[in-house]
Amino acid sequence: MHSKGGFLMVESLARQFNQGGPFMWVILSVLAIACAIVLERAIYYFIYCRGNALKLAERIIDAVDEQDTNRAKSIVGKRNAPVYRILRTAVERYTAGLKVNRIMEGIEYTAIRELPRVTKRINYLSLMANIATLLGLLGTITGLQVSFGSLASVDASQKASMLADGISQAMNTTAFGLIVAVPCMLMYTVLHNKQQAIVKEIDEAVGYFMDGIKERCA
């Protein structure tokens with residue numbers, strides 16, 4: 001019974017999809033692009049950039065306090081996430097004996113290169129949501145045009161069928177456009193908040209590191 005019910009549901013969805021007209025395929029392409037962006041960014045944020053940046057900075061400062069520069073370099077050399085690369089530059093400049101302003105210059109240069117990796121592609125999700133909504137609206141207008149435009153050229157017995165088909169196309173396209181747009185906006189908000197949290201953690205880690213070495217570089 002469950003398999004039969006599932007088959008009927010899939011069949012119903014496929015029928016509604018086909019009734020939506022050609023714009024359904026365009027919206028489906030938008031959905032595929034959005035899913036790829038969400039997957040790539042989720043992997044980057046929650047796996048590649050995982051970890052506590054402030055604790056990382058604390059471990060580095062502990063190594064510096066013990067004058068164990070090799071351990072400090074080893075800590076920041078384990079991964080290539082943005083916070084590791086930024087702090088790696090800071091550690092390298094500190095161990096080279098540079099002053100605070102020179103260390104900060106290196107951090108800023110590295111941050112200019114690394115932070116765009118954190119923020120890239122997120123805005124595309126908002127764009128995909130807007131495109132899906134507009135394509136749904138365009139499909140609605142096209143469906144209504146087909147529906148009412150064909151009434152003058154068909155027999156009276158076929159008018160009701162033509163009108164129903166056109167309205168069905170219009171409504172299905174609108175619904176599918178919104179079905180795609182709403183999750184896109186939801187995931188945009190989730191990933192955007194995660195992106196801001198990562199940037200904030202990097203700022204805190206850099207601030208902690210610089211505060212820890214300030215007196216030694218004076």
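These are my notebook entries on a predicted model of a single chain.

**Overall fold.** I began with the secondary structure and found eight helices and zero strands in the chain, so that, by the helix and strand assignment used here, the pattern along the sequence reads α-α-α-α-α-α-α-α. I then looked up burial and contact range: buried residues make up 35% of the 218 residues, and, of the contacts between residues at least 6 apart in sequence, 78% join residues at least 24 apart. For the accessible surface of the chain I noted about 12700 Å², with 62% of that area belonging to carbon and sulfur atoms.

**Helix α5.** I turned next to α5, which runs over residues 82–95 and has 14 residues. From its first C-alpha to its last, α5 reaches 20 Å, close to the 20 Å expected at 1.5 Å a residue. I listed Pro82, Val83, Tyr84, Ile86, Leu87, Thr89, Ala90, Val91 and Tyr94 as the buried residues that I found in this helix. After α5 comes Gly97, for which I recorded a positive phi, near 85°.

**The largest nonpolar core.** Which residues touch the most other members of the largest nonpolar core? I found that they are Ile60, Val83, Leu87 and Phe209, in a core of 51 residues. The elements giving two or more residues to this core are α2 (23–48), α3 (53–65), α4 (69–76), α5, α6 (100–119), α7 and α8 (156–213), and α8 supplies the largest share, 13 residues. I followed Leu87 further and, leaving aside residues up to four places away in sequence, saw that Leu87 touches Leu56, Ala57, Ile60, Val76, Ala205, Val206 and Phe209. As general background, I noted that nonpolar side chains tend to be buried together in soluble globular proteins.

**Thr140.** Is Thr140 buried or exposed? I placed this residue in helix α7, residues 122–149, and entered it as buried because its relative accessibility is 10%, where the cut-off for buried is under 20%. Not counting residues up to four places away in sequence, the residues that Thr140 touches are Ala170, Met171, Thr173 and Thr174.

**Cysteines.** Last, I checked for disulfides and counted zero. Cys35 is in no disulfide, and the nearest cysteine sulfur, that of Cys184, lies 7.4 Å away, whereas a disulfide would need the two sulfur atoms within 2.5 Å. I also looked up how accessible two of the cysteines are: Cys35 is partly exposed, with a relative accessible area of 45%, while Cys49, at 12% relative accessibility, counts as buried.

Methods:
Residues are numbered from 1 along each chain as its sequence is written. This is a predicted model: local features need pLDDT of at least 70, side-chain atom pairs count only at pLDDT 80 or more; totals for chains, interfaces and linings use all residues. Side-chain values use heavy atoms; hydrogens and water are left out. Helices (H or I, at least four residues) and strands (E, at least two) are DSSP runs, numbered from the N terminus. Buried means under 20% relative accessible area, exposed over 50%, partly exposed in between (1.4 Å probe, protein chains only). Contact means heavy atoms within 4.5 Å. Accessible areas come from the Shrake-Rupley method with a 1.4 Å probe; for residues, only the protein chains shown count as cover. The expected span of a helix is 1.5 Å times one less than its number of residues. A nonpolar core is a set of buried Ala, Val, Leu, Ile, Met, Phe, Trp, Tyr and Cys residues joined through side-chain atoms within 4.5 Å.
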